[in-house]
Amino acid sequence: MTHVETTTAAEPQVESVVEDRWWRDAVVYQVYVRSFADQSGDGIGDLAGVLDKLPYLHDLGVDALWFNPWYPSPLADTGYDISDYRSIDPAFGTLEEAENLIAAARALGIRTIIDIVPNHVSDEHPWFQEALASPPGSPERDRFWFRPGNGADGELPPNGWQSIFGGSAWTRTQDASGAPGDWYLHLFAPEQPDLNWTHPDVWTEHEDVLRFWFDRGVAGVRIDSAALLVKDPALSEEPADSVPGEHPFTDRDQLHEIYRRWRAIADGYAEPRVLVGEVWLPDAERFARYLRPDELHTAFNFDFLACPWEPGPMRTSIDSSLAAHAPVGAPATWVLSNHDVTRPVTRYGRDDTSFAFESKREGTPTDLQRGNRRARAAALLAMALPGSMYVYQGEELGLPEVEDIPAERRQDPMWLRSGGVDPGRDGCRVPLPWAGQRPPFAFSGEGADRPWLDLPDDWAPLTVAAQTAEATSMLNLYRAGLRLRRTIAALRAGNQRDADLRWLPSSDSVLAFARGEDFICLVNFGPDPVDLPDGASVLLASSELEGGALPYDSTVWLRQTNPHDPSGVRSPRADTSDRSNQPASGTVPVLRKG
Ligand code: GLC
């Protein structure tokens with residue numbers, strides 16, 4: 001796609017050029033349909049519920065919706081086990097409703113991104129059922145990874161690969177008489193058999209599924225487990241230290257050929273469709289390969305999501321994200337949460353504010369007030385960074401992780417397969433509270449069935465209605481931030497190739513940066529208030545300023561009224577911490593272009 005860089009506003013093509021690149025600085029709201037809003041009264045959110053709440057999403061100021069899988073699924077992994085890629089789960093609605101929803105959202109200027117899950121299918125998918133019914137070595141089995149076991153009677157798995165949900169990545173089949181047979185591979189749950197991406201059917205099927213949804217007006221796809229599709233056909237064991245590109249099932253070079261094909265399909269539409277990758281890779285250079293101009297458009301920034309609430313690591317994460325994206329010309333994304341990770345209000349309220357699946361533990365002492373304050377500051381920080389931003393439903397309400405879900409109500413295979421050692425992800429997937437004083441807080445209407453996960457009794461102050469009425473609520477902060485983000489030209493500069501973030505000198509406990517001519521963002525991680533630079537007017541702050549200064553765990557957006565005046569981000573007022581490398585006090589220049 002060639003982008004014409006013209007500035008003649010009168011020319012109609014200018015609009016379409018900008019439109020083509022909407023994804024570069026979009027705010028994408030993640031809809032976990034099951035927990036969004038239930039219109040049918042069965043305790044499960046649905047598409048009618050989303051349609052009903054489109055005005056809410058429009059008012060929030062988002063550019064696109066990303067729907068977690070909405071297809072028919074036996075729910076072994078809450079929808080990431082798909083049995084039909086061209087239909088809608090009856091609990092959510094119909095294909096026609098999905099088409100109407102896509103169109104209705106678009107009429108409000110909101111695009112739709114859907115989840116595509118190409119690594120595996122449900123064990124109830126027709127292909128897998130055919131494979132199970134077919135003999136070893138049959139073409140039907142070739143679309144998956146069936147292998148004889150090791151050991152005298154094939155009683156051992158073909159190799160030592162471990163499932164990401166725990167336990168072996170192999171499950172042994174049985175024939176109709178119960179006799180054990182070959183094993184099949186599943187990097188996730190046994191109900192999610194991995195597809196064999198060396199098989200041409202697998203390629204053509206997914207390309208067809210993409211066209212199916214693109215033809216229905218879907219603006220893009222989020223690609224689940226995007227770096228896992230290709231496996232080493234020799235099924236070699238995982239090395240202790242693998243050379244990038246040589247791991248047997250992660251980030252193998254052949255993956256890029258798949259995404260080049262998908263990009264060509266996406267670019268074939270009058271409004272090119274967008275490919276967003278779920279790519280968890282520690283190596284920034286390997287990550288950026290997925291974002292080359294003929295591959296994916298963007299990928300989730302998990303480094304930022306997992307980063308602790310500390311100025312040094314945050315700055316490093318921002319710098320390394322921007323540096324990784326720059327050579328391939330792709331915009332960075334800024335993500336604070338999703339349906340797989342601990343809610344920020346809870347995480348930021350703990351001693352260890354980083355996120356890692358391995359260290360997730362319920363019952364860790366948590367200061368939710370502190371976490372809330374930091375989550376507010378983090379939101380304004382993320383909104384001010386160059387690129388696109390993701391908001392996971394409920395993040396805008398400051399919902400905490402629900403940690404006391406009774407065992408019999410839990411659904412997540414991470415919890416089930418770890419024997420309850422891993423708390424799993426149900427706690428961040430609890431339905432949204434909309435209004436009222438008691439559960440289910442208008443998630444479902446009067447007389448409806450019990451929600452699939454219960455809403456906590458004490459969520460009345462967190463409902464959309466309660467927060468709408470409270471000027472300083474998290475919801476109103478998100479609304480104000482996203483509204484301003486739209487109007488401040490410097491914050492929409494994701495369309496420019498060169499993201500223009502410029503760090504400003506500040507003390508160690510403060511992050512300060514400028515964008516454009518006059519926009520400044522200050523984040524105070526330290527305990528003491530920080531004076532604002534001279535000549536700056538406040539646009540928005542995550543906490544109330546104290547005597548004109550920015551208090552602890554807070555972010556402020558400023559407009560430098562006279563950018564050419566020497567001014568500064570001052571040192572904290574009474575900070576006694578050791579800062580031997582910093583000026584002891586006084587003012588340092590704030591706007592230094594370069
Ligand atoms: C992705 C999804 C996660 C799912 C897994 C398997 O990581 O985000 O929710 O369990 O893939 O499909």
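Which helices each supply at least two residues of the lining of the second largest cavity? The legends below take up this question after the pockets and the ligand.

This is a predicted model, in which local features need pLDDT of at least 70 and side-chain atom pairs count only at pLDDT 80 or more, while totals for chains, interfaces and linings use all residues. Residues are numbered from 1 along each chain as its sequence is written, and side-chain values use heavy atoms, with hydrogens and water left out.

**View 1. The largest pocket, between domain 1 and domain 2.** The largest pocket has a volume of about 1,400 Å³. Of the 48 residues that line this pocket, Val 279, Trp 280, Leu 281, Pro 282 and Phe 357 are the closest to its centre. The elements that give two or more residues to its lining are α8 (284-289), α9 (302-306) and α10 (311-325), and the largest share, four residues, comes from α10. Domain 1 (20-119 + 204-478) and domain 2 (126-185) both contribute to the lining, so the pocket lies between them; the domain bounds come from an automatic or database domain assignment. By class, the lining divides into 21 nonpolar, 14 polar and 13 charged residues, where Ala, Val, Leu, Ile, Met, Phe, Trp, Tyr, Cys and Pro count as nonpolar, Asp, Glu, Lys and Arg as charged, and the others, Gly among them, as polar. On a 1 Å grid over the protein atoms alone, a pocket is an open set of points with protein on both sides within 12 Å along at least five of seven lines, a cavity is a set where a 1.4 Å probe fits but cannot get out, and lining residues have an atom within 4 Å of a point. Grid points are joined across faces, edges and corners, and a volume is the space filled by probe spheres set on the points.

**View 2. The second largest pocket, between domain 1 and domain 3.** About 870 Å³ of space lies in this pocket, and of its 36 lining residues the closest to the centre are Leu 368, Gln 369, Asn 372, Gly 398 and Leu 462. Two or more lining residues come from each of α11 (344-347), α12 (368-384), α15 (474-487) and β16 (536-541); such helices (H or I, at least four residues) and strands (E, at least two) are DSSP runs, numbered from the N terminus. Because domain 1 (20-119 + 204-478) and domain 3 (501-593) both give residues to the lining, the pocket lies between them.

**View 3. The ligand and its surroundings.** The ligand is surrounded by 14 residues (each with a heavy atom within 4 Å of it), and the closest are Asp 77, Asp 224, Glu 278, His 339 and Asp 340. A polar side-chain atom of Asp 340 lies 2.5 Å from an oxygen atom of the ligand, and for a polar side-chain atom of Glu 278 the distance to a ligand oxygen atom is 2.8 Å.

**View 4. The second largest cavity, with α11 and α15 in its lining.** A search of the whole structure finds four cavities of 30 Å³ or more, and the second largest has a volume of about 60 Å³. Its lining includes Leu 336, Arg 343, Pro 344, Met 474 and Tyr 478. The helices asked about at the start are α11 and α15, each of which supplies at least two of the lining residues. By class, this lining has seven nonpolar, two polar and two charged residues.

Note on methods
Polar contact = N/O pair within 3.5 Å; in protein donor to acceptor, adjacent residues only side chain to side chain.
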